[in-house]
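Open the model in your viewer with the cartoon on and side chains hidden. The tour below goes from one selection to the next.

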Amino acid sequence: MGEETSIIGTVLSVVFQNEENGYAVLRLAAENGAEVTATGTFPNIGLGEEVILTGCWVTHPTYGEQFATEAFERRLP
């Protein structure tokens, strides 16, 4: 696991979601303009929501670089 960091972004799409436990794979538009894949538990997450994610970067053997989210909060307008 890498160093803990935070990213801020807007949810572009929900690639996968497990309704039972809230685990999801998200595509985000990060503030720096990059598209980011984030994994973690995001109950009731919706498209267009702005979120602040805390976690670390990991490299998945199949899917490549992802942000493994340990905590998240919705950013209020």
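Start with the hairpin formed by β1 and β2, which has five residues between its strands. In that turn, select G22 and check its backbone: phi is positive, at about 85°. The model is a predicted one, and the angles and distances in this tour are computed from it.

**The hairpin strands**

Now colour residues 5-17, which make up strand β1, and residues 23-30, which make up strand β2. The two strands run antiparallel and are joined by seven bridges. To find one of these pairings, select G9, which stands opposite A30 in β2.

Keep G9 selected and look towards β4. There the bridge partner of G9 is V51. Strand β4 spans residues 50-60 and pairs with β1 in the antiparallel sense over six bridges.

Return to β2 and go on to strand β3, residues 35-41. This pair is antiparallel too, with seven bridges between β2 and β3. L26 and A38 in β3 mark one place where residues stand opposite each other.

**The whole sheet**

Show all strands together. Five strands make a closed barrel in the order β1-β2-β3-β5-β4, and the pairing is mixed. Neighbouring strands of this sheet are turned against each other by 50° on average, direction ignored. As background, strands of a sheet pair through backbone hydrogen bonds, in either a parallel or an antiparallel sense.

**A surface patch**

Switch on the side chains of V15, F16 and Y23. These residues make a nonpolar surface patch of about 280 Å². Centre on F16, which is found in strand β1. Is F16 buried, partly exposed or exposed? F16 counts as partly exposed, because its relative accessibility is 41% and that class lies between the 20% and 50% cut-offs.

**E35 and its surroundings**

Next select E35 in strand β3. With a relative accessible area of 52%, E35 is exposed. Leaving aside residues up to four places away in sequence, E35 touches L12, R27 and L28. Measure from E35 to L12 in the viewer: the C-alpha atoms are 8.8 Å apart, while the two residues are 23 residues apart in sequence.

With R27 the contact involves charge: the side chains of R27 and E35 meet in a salt bridge, at 2.8 Å from N to O. R27 is partly exposed, with a relative accessible area of 23%.

**The salt-bridge network**

The count of salt bridges in the model comes to four. For further ones, select E31, E50 and R75, which are linked in a network.

Begin with E31 and R75, whose closest N and O atoms are 3.0 Å apart in a salt bridge. E31 lies in the loop between β2 and β3 and R75 in the segment after β5 (64-74), so this pair ties together parts that are 44 residues apart in sequence. E31 is exposed, with a relative accessible area of 57%, whereas R75 is partly exposed at 34%.

Then move from R75 to E50. Their salt bridge has its closest N and O atoms 3.3 Å apart. R75 lies in the segment after β5 and E50 in strand β4, so the pair ties together parts that are 25 residues apart in sequence. E50 counts as partly exposed, with a relative accessibility of 37%.

To finish, keep E31, E50 and R75 on display with the barrel strands: the salt-bridge network can then be viewed together with the closed barrel of five strands.

Notes. Residues are numbered from 1 along each chain as its sequence is written. This is a predicted model: local features need pLDDT of at least 70, side-chain atom pairs count only at pLDDT 80 or more; totals for chains, interfaces and linings use all residues. Side-chain values use heavy atoms; hydrogens and water are left out. Patches are made of residues with over 30% relative accessible area and no salt bridge: like charges are joined within 9 Å, nonpolar side chains (Val, Leu, Ile, Met, Phe, Trp, Tyr) within 5 Å. Accessible areas come from the Shrake-Rupley method with a 1.4 Å probe; for residues, only the protein chains shown count as cover. Helices (H or I, at least four residues) and strands (E, at least two) are DSSP runs, numbered from the N terminus. Buried means under 20% relative accessible area, exposed over 50%, partly exposed in between (1.4 Å probe, protein chains only). Two strands pair if DSSP finds at least two bridges between them. Axes are lines fitted to C-alpha atoms, for helices over the stretch in contact, and angles run from 0 to 180 degrees between N-to-C directions. Contact means heavy atoms within 4.5 Å.
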